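Student: Could you take me on a close look at one part of this model? I would like to see how one stretch and its neighbours fit together.

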Amino acid sequence: MIVKMKRLRLMGLQADRDILLRRLMALGCVELRAGPERDTGPAPEQESRLAELQEKLQLLQEALEVLKRYAPEKGRLFQEKDAVSRDVFFSDGVTQRGLALADDLLLHDERIQRLHTMIAHAKENRTAILPWQHLEVPLNTRETEHAIFLLGTVPLTADPEQVRETLAHISPDAALYHVGSTKQEHCLMAVCHRAVHDDILHTLKELGFSEAIFDRAITGTGPQSMTALVHESEKAAAELEVLKEEIAVLGKQRAELKLCIDRLTQEVILEEAKKKVQTQDAKFTLEGWFSAPQEPELTALLSEFSCTWEQSDPTPAEYHQVPVKLQGNRITRPLNMVTEMYGLPAYDGIDPNGLIMPFFSIFFGIMYADLGYGLVLLAISLFLFFRRKRLSRGLQQAAGLLFQVSITTAVFGALFGGFFGDAIPMFSETFLARRIDMWALINPMENPLFLMMGALVLGGIQILIGMCVRVYLCFRDGRPLDAVFDVGTWWLLFGGIALLALGHGPWLAVAGVVSIIAFQGRHAPTVLGKIFGGVGKLYSLVNYLSDILSYLRLMALFLATGVIASVFNMLGSLLGDGLGGGILGIVGFIVVFLVGHVFNMGINIIGTYVHTIRLQYLEFFGQFYKEGGRPFRPLFINTKYYDITE
């Protein structure tokens, strides 16, 4: 059902504000709303405090990412929360230790980044001087008192000997040394007198000469520079390993970091809540919504403070502002994930979970019907159930929903005679020389018409129930004529069509058509508009027909799952025959069996879930559902890594 909400208005002493908000946060039943625009906003010091907390929280999260990079945790299938007492969680030491650890980790990470940059830079320099590594001349020494050194490259098409002869024509004293070659160019060093430097350089550039430029840190000869760069890289790499080992040691304090993240997250939530509280002089005021079932607890809490408050029920004009919270029992609560995925109902709507629960489970069970698959899903759901206290709310709901559909899957699988498809008959016929068939009340693979008719009947029942809910809402909201004219006329037509199918006269169907034309366009302003509006509504008969035909997907998905399962069983039996039967053949059958059915379960459980919720969203919700609800977001302790105990 939709939980009843009440409005809360409260005024108290400024001195009690922080402790009261913390108590409300622990209670977790009040959603604060921002005050009127005419009131002043949060104080500058409050904004500064929030920014400071957010900055610290960001540093903590960055430090945790450092640990994930250099000291990752062992993977766990599900994220589980550890328990911590309230006194420990809210102690000042948690924040101090966590922030100190974060500073240490970020300092290590900064040094690691510098070392990575240093290693990359040294690698680039080694690559740059590699062709010059045997040159016994300081690489960055380009001139003496009388001579100029020119280091550079020319394309492979330029012959060094011809370059040397060309330079000799300019200056017989000029010398050219072929230092080495790469796949793209020749590395040359030209030495000439200062007086002919310009002519030598001009001639070399005409031959495609490109002067080599080295990092300023490279000062020695080729061998000296290469040795220094290798030593620098090795030293940086060794220091890098030491830092990583130190981070791994710090990783043993990961729990302190996570605890501090959860703690500061609550402080941020609290500071953001303070922005919604109006303060003036020595008093403060707040407004919000709270869930009515927790009214006694809230009243007891507020009675401990020097404050005054009032509570009131929302008026119909305020329903669009009221937050929505769905409350159900163990059976209907897992369906919250289905409803919330579509969109919460409006506050004056109706909680659909109890209505869709039987249909969701039955439809899923029919489409996925297999005793073996149902038992596998049951085992998974029980595994999750016994770990539910360590699972998130979403996983708890998923586990509950999985448990429900596993039961219906196993039941319909047993009724239809499916156990991993036809695995038992196929295995027995292949390896036992006789066929063992499973008992089945009905085999839809051999008689799909029965399943098709059953799917249409189930669809008609669900749509009829949806129309009944619509009638109930009309009477509840004081609109009985809408129930009669918008729904009753269709029932009149459907009853007439049923009588026609049984061979009776058309008068009831004609009465239904006339009543639809006469009444369903009644909101139009003119008589002609009312008539044409009613005629247009008759087209909805096609919509009802298409909605009912949509339930044929129950048969289609069942056949898809069963056929794919049978194909893999057949492939396993063929492999078993090919291996000559015996132990080797059984092993081959089991391998194909496992791979094939894991694939079939995985791919078809997605399709089954999607088509099951589609039938609820489009065919069923379309009859009565009023969406537009805003989720109830109370001020509460919201932790990611720890559960707080008293």
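Tutor: Let's start just after helix α14, where Ala433 takes a positive phi of about 65 degrees. (Helices are DSSP runs of H or I with at least four residues, numbered from the N terminus.) Keep in mind that this is a predicted model, where local features need pLDDT of at least 70 and side-chain atom pairs count only at pLDDT 80 or more, while totals for chains, interfaces and linings use all residues. Residues are numbered from 1 along each chain as its sequence is written, and side-chain values use heavy atoms, leaving out hydrogens and water.

Now step back into α14, which spans 423-431. Its buried residues are Ala423, Pro425, Met426, Ser428, Thr430 and Phe431. (Buried means under 20% relative accessible area, exposed over 50%, and partly exposed in between, with a 1.4 Å probe and protein chains only.) What covers these buried residues? Helices α20 (553-578) and α21 (582-624) are among the parts that do, where contact is heavy atoms within 4.5 Å.

Glu429 is partly exposed, because its relative accessibility is 44%. Its side chain meets that of Arg435 in a salt bridge, at 3.0 Å from N to O. (The term stands for a side-chain nitrogen of Lys or Arg within 4 Å of a carboxyl oxygen of Asp or Glu.) Arg435 also has 44% relative accessibility, so Arg435 counts as partly exposed. The whole structure holds 33 salt bridges.

Let's move back along the chain to the loop between α13 and α14, where Phe420 lies. Aromatic rings come in here: a search of the whole structure gives 33 aromatic pairs. One of them joins Tyr373 and Phe420 edge-to-face, with 5.6 Å from centre to centre and 75 degrees between the planes. Because Tyr373 sits in helix α12 and Phe420 in that loop, the pair ties together parts that are 47 residues apart in sequence. Tyr373 and Phe420 are both buried. (Rings of Phe, Tyr and Trp, using its six-membered ring, pair if their centres lie within 6.5 Å; planes under 30 degrees apart are stacked, over 60 edge-to-face and the rest tilted.)

Another pair is Phe385 with Phe386: the centres are 5.5 Å apart and the planes lie at 75 degrees, so this pair is edge-to-face too. Buried or exposed, where does Phe386 stand? Phe386 counts as exposed, because its relative accessibility is 66%. Phe385, with a relative accessible area of 40%, is therefore partly exposed.

These two rings also belong to a nonpolar patch on the surface, together with Leu382, Phe403, Ile407 and Val411. As a group, the six residues Leu382, Phe385, Phe386, Phe403, Ile407 and Val411 have about 560 Å² of accessible area. (A patch takes residues with over 30% relative accessible area and no salt bridge; like charges are joined within 9 Å, and nonpolar side chains, namely Val, Leu, Ile, Met, Phe, Trp and Tyr, within 5 Å. Areas come from the Shrake-Rupley method with a 1.4 Å probe, and for residues only the protein chains shown count as cover.)

Which helices supply the patch? Helices α12 (371-385) and α13 (393-416) each give at least two residues, and the largest share, 3 residues, comes from α13. Phe403 lies in α13, and its relative accessibility of 37% is why Phe403 counts as partly exposed. So our walk has gone from Ala433, just after α14, back to a surface patch that draws on α12 and α13.
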